[in-house]
Amino acid sequence: MSKKQGLMLSEYKQATHRIGRIWTLFAMLLIVAVPLGFGLIYGVMPEWSSFFKGVIAVVPMYWAVGLIEIFNYSPMLGSGGTYLAFVTGNLLNMKVPAAKVAMDKAGVSAETEEGEVLSTIAVAVSSIVTTIVLIIALLFVVPITNWINNSELLREVFDLGSGYVIPALFGALGVVFLAKSWKIAVIPMILMIVVFLLIPATYAIAGILIPVMSVISVLIARFLFNKEKI
Amino acid sequence: MDFKSGAFLYIMGGIIALFVLTQSVVFLVRAVRRGKAIGLDVKVMKKAAISSATFSIVPSVPIALSMIALAATMGAAFSWIRLSVIGSMSYEIFAAGQVAAAADISKEALGTMPINVFAGAMWVMTLGIIIGPIFNIFGLKRYQKKIQEIGEKNPRWSKILIDALFMGIIAVMGGQFIAKGIAAFGNLAAQQIIMNGQAQLLTLVTGAVLMAVFGLVIKATKAKWLENFALPVSMVGAIAMSVVYHGWF
């Protein structure tokens, strides 16, 4: 009996990987079809200079973080949960805690077959809820966005360059990280303030500095970790 | 019609929402069947589904708020798409901002982002999140065993590593507004570079203070549910205060 169950388990997992890959492949094609289709329909190519600057600022950083996220969360989510959660997103603030709460309530852990099942159920239900909430919110987005665009003050406030959304976001995010890891933060933070103050031209290439500062931060963290200071 | 609210993006949004719903249902049904096959109590599975549904409503609100914040620049349809698949509220706003800043469109009205810059921003935001699916297709199966091994070997370092990577963003973005604010208050740089610098610095500080207050309240009252609201409410509060600061300078 136990041998049969072991065989079934491996079959289920094999099937999960097969199905997971197929769904993920289609999800990826759909995601790429959006900018691609937009370009073809409107006959427009990206503005290359800002595109490349954006890629340099965003891609290395987020690819690294994305890979580490898979490293970290996959054991908590099981295989079915991982395939699903990495298509639907919002892992840290939603899918991982949803799966964990479901498993904790049942008193099972993620490595067990029961954990795998419950985690998948939790992630699936969570994805359905978010998708429905977003559809409802979409009905309100258009009137709110029109309201913003019709007011000069609000346009200035929501401007991504000289407006206030980004400072508000990084003030709130920054304080959490500074409180949590101030030892890693001090040197990169001071370094950046000094560089920006002394060479104002660096504001224009701020995005390019991000991967550089990430590497510096990791080196500082490793040094402190090895010295057992963190 | 404005290209950001054209039929194409809404149709794609609809297809993607339907795709996500279908995939979720397929995985849900498979898991429930498997649960029954291994003798898992249906009540336990039901409980897991209900607890996940009720838990997920609260964190969905900030995601919806981010969609509204992002829609001001990227339009409602694309924001909806981006937050429906592999979405992350801080990432999306940041990525769009990087392209907008690189294109130097800060002085222009938001509704008039040139179509080629918009196209570039769409690509950057898409490419930034594509690594997850790529890895899952080619590597997840092989690596799942190894992942657990490494995590068990040094779970503390892997957490610190993520924090340090994020610190790169915080140092550059936070440092930028602090330096800009200092320069603006001290009149140390050209006016167009430090535009709105004082108000931006005050907004940054307000966001930080509100977030810290949330942290203290959560710690004192043990109200864990507040955690999901801390970031969006601090952000919205700071943005609301920025209207006041903007009037000052």
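In chain B, the C-alpha centres of domain 1 and domain 2 lie 24 Å apart, where domain 1 covers 1–138 and domain 2 covers 152–249, with bounds taken from an automatic or database domain assignment. Before I go on, this is a predicted model, in which local features need pLDDT of at least 70 and side-chain atom pairs count only at pLDDT 80 or more, while totals for chains, interfaces and linings use all residues. Residues are numbered from 1 along each chain as its sequence is written, and chains are lettered from A and ligands numbered from 1 in the order in which they are written.

Now to the helices, which are DSSP runs of H or I with at least four residues, numbered from the N terminus. Helix H6 of chain A (residues 165–180) and helix H9 of chain B (residues 197–221) have axes that come within 7 Å and cross at roughly 45°, the axes being lines fitted to C-alpha atoms over the stretch in contact, and angles running from 0 to 180 degrees between N-to-C directions. That angle makes H6(A) oblique to H9(B), since angles under 35 degrees count as roughly parallel, over 145 as roughly antiparallel, 65 to 115 as roughly perpendicular and the rest as oblique. Among the residues making this contact are A:Phe170 and A:Val175 of H6(A) and B:Leu204 and B:Met211 of H9(B), contact meaning C-beta atoms, placed from the backbone, within 7 Å.

Within chain A, helix H7 (residues 182–198) and helix H8 (residues 206–226) pack at an angle of about 145°, with their axes 9 Å apart. Here the residues that meet include A:Ile187 and A:Met192 in H7(A) and A:Ile216 and A:Leu224 in H8(A).

Methods. Helices (H or I, at least four residues) and strands (E, at least two) are DSSP runs, numbered from the N terminus. Two residues are in contact if their C-beta atoms, placed from the backbone, lie within 7 Å.
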